[in-house]
Structure formats: C-alpha cells, structure tokens
Amino acid sequence: QMRIFTRPRRGGSHNGDYRDRHIPGGMFSKDTALIPKDEYDNYRYVYIFKDPVEGLVSRYGHGHCVHVGGDCGSESNFPSLDQYATGGKDFFKIGDFFDKWTTPNPSREYPVLCINYHKIWDNVPSVVEALGLPEKYASTFPKRTETVRNNKTGAKEGHNNHSEDVREKLRKIYKSVRDKIFDMPAMTII
C-alpha cells in the first residue's frame, strides 16, 4: 500500500544547499491517507541507495537505525560508530533493507525506482525522465557535493568515528551489500 506523506517542512538553507532542510527521522506515520490503487501511476516510489559505509559515517544514529528497521536497542545504550564497527555485526540490517527494496516482490503493487547514488550525476537526464519530470529539470539538478569525513575530521572532533580504521571495519561488515550496490546500474525499476 502507498501512503500520502506530508512534505518535509522547509527551513532556511544557506547557499541554496538542500541538505539542511528537515527530513523526518525514525519511523514514518502509518496513519496517513492511503493512495487509491488507480492513482499509483501518478506517484513514484523512489529508493536512493549508497555505500552503507559512507551512509553510516554521514548519518549514524539511533533514529536512522529505527527508520531502516534495525535492531537498535534503547537510545541511551546506543553505541558510538566506533563501538558499532568494532562489534562487527549489521544491527542496522542494512543488507535486509537494501534487498527488500531492490528485489522483486509479487505482493508489491507498485514499481520502485531504485537509484544508485554513486551513479546519479553521470545519468541526470535519465533520472529526470524516470521520475516523469520534464527534460528541462535536468539542468536544475543540484551539483554533486560531498562532505569529507576522515582521520583529520576525527582528530578535530576528538573521536575515532570518522577514522580509516572504523571505515575498514564497516567495509568488512557491509562487504556483500557494497558489492551489490557497486554492481547495480544507475537506475532499476523493480
């Protein structure tokens, strides 16, 4: 079933950067209106995925864990990223979440447009077309920006969370899903 979700509230943004707008965390409301099945073609279900190592280094937290349906435990006992990586287990269940959205499911009544974050900027016109938007929107697509988090960042912040050691541990945990991600094309309709 597809549900209508309210748009994220628009906050101020500096330099036109879309990343500081509020995006809801945790679980989405399940009491919003259902979209009638005969209107499914008017909507796009979009799943954008990226390397889980970079995703966790960028957005690690209890709310993210809850949102993807992980084994999160209580927020008060939630481990630091360094502790999580050292534990060596995918408590976020990122592999399961990825497979849920990128594998055909006969009971799913609508298509899912799966977009590989790492390949978006080389395929903007195709992404715009797949979303059903006019071609002119390709020229308005945001420029690619990346926030670098590394050993220097960790030293400056006074913790090990962004170190290459943590990244290497996360690469081991997420090897199989990373292999799938880097093998997938820019877009797939499931």
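**Exercise 1. Determine how strand β1 is joined to strand β2, and place both strands in their sheet.**

Step 1. β1 and β2 (residues 112–116) run parallel and are joined by five bridges. Helices (H or I, at least four residues) and strands (E, at least two) are DSSP runs, numbered from the N terminus; two strands pair if DSSP finds at least two bridges between them. This is a predicted model, in which local features need pLDDT of at least 70 and side-chain atom pairs count only at pLDDT 80 or more, while totals for chains, interfaces and linings use all residues. Residues are numbered from 1 along each chain as its sequence is written, and side-chain values use heavy atoms, with hydrogens and water left out.

Step 2. Individual partners can now be assigned. I48 has I115 of β2 as its bridge partner, and V46 stands opposite L113 in β2.

Step 3. On to the third strand: β2 and β3 run antiparallel and are joined by three bridges. L113 has I189 in β3 as its bridge partner.

Step 4. The sheet is therefore described as open, with three strands in the order β1-β2-β3 and mixed pairing. Its edge strands, β1 (45–49) and β3 (187–189), each pair on one side only. From one strand to the next, the twist averages 20°. Axes are lines fitted to C-alpha atoms, for helices over the stretch in contact, and angles run from 0 to 180 degrees between N-to-C directions.

**Exercise 2. Establish whether β2 is buried or exposed, and on which faces.**

Step 1. Apply the cut-offs: buried means under 20% relative accessible area, exposed over 50%, and partly exposed in between (1.4 Å probe, protein chains only).

Step 2. Five of the five residues of β2 are buried, so the strand is largely enclosed by the rest of the structure.

Step 3. Divide these residues by face. V112, C114 and N116 lie on one side and L113 and I115 on the other; all are buried, and both faces of β2 are thus covered. For the protein as a whole, 31% of the 190 residues count as buried.

**Exercise 3. Describe how helix α4 packs, and where its buried residues lie.**

Step 1. Helix α4 (residues 94–102) packs on the sheet and touches β1 and β2, where contact means heavy atoms within 4.5 Å. Its direction makes about 140° with that of β1.

Step 2. The buried residues of α4 are I94, G95, F98, W101 and T102. They cover an arc of only 140° around the axis, which puts them on the same side of α4; the arc is that of the directions from the helix axis to the C-beta atoms. An α-helix has 3.6 residues a turn, so residues three or four places apart point the same way.

Step 3. These buried residues pack against β1, α1 (52–59), β2 and α8 (175–183).

**Exercise 4. Characterise the aromatic pairs F78–F92 and Y117–W121.**

Step 1. Rings of Phe, Tyr and Trp (its six-membered ring) pair if their centres lie within 6.5 Å; planes under 30 degrees apart count as stacked, over 60 as edge-to-face and the rest as tilted. The whole structure contains 16 such pairs.

Step 2. F78 and F92 are edge-to-face, at 6.1 Å centre to centre and 70° between the planes. F78 lies in the loop between α2 (62–67) and α3 (81–87), and F92 in the loop between α3 and α4, 14 residues apart. F78 is buried at 18% relative accessible area, and F92 is buried at 0%.

Step 3. Y117 and W121 are also edge-to-face, with 5.2 Å between centres and 85° between planes. Y117 counts as buried at 14%, whereas W121 is partly exposed at 22%.

**Exercise 5. Compare the surroundings of N160 and H162.**

Step 1. N160 is found in the loop between α6 (151–157) and α7 (164–173), and H162 also has its place in the loop between α6 and α7.

Step 2. N160 is partly exposed, at 32% relative accessible area, but H162 is buried, at 8%.

Step 3. Beyond neighbours within four places in sequence, N160 is in contact with D82, D165 and V166. The side chains of N160 and D82 make a polar contact at 3.4 Å. A polar contact is a pair of N or O atoms within 3.5 Å; within protein, one must be able to donate a hydrogen and the other to accept it, and residues adjacent in sequence count only if both atoms are side-chain atoms.

Step 4. With the same exclusion of neighbours within four places, the contacts of H162 include V57, R149 and R167. The H162 side chain reaches the backbone oxygen of V57 at 3.5 Å.
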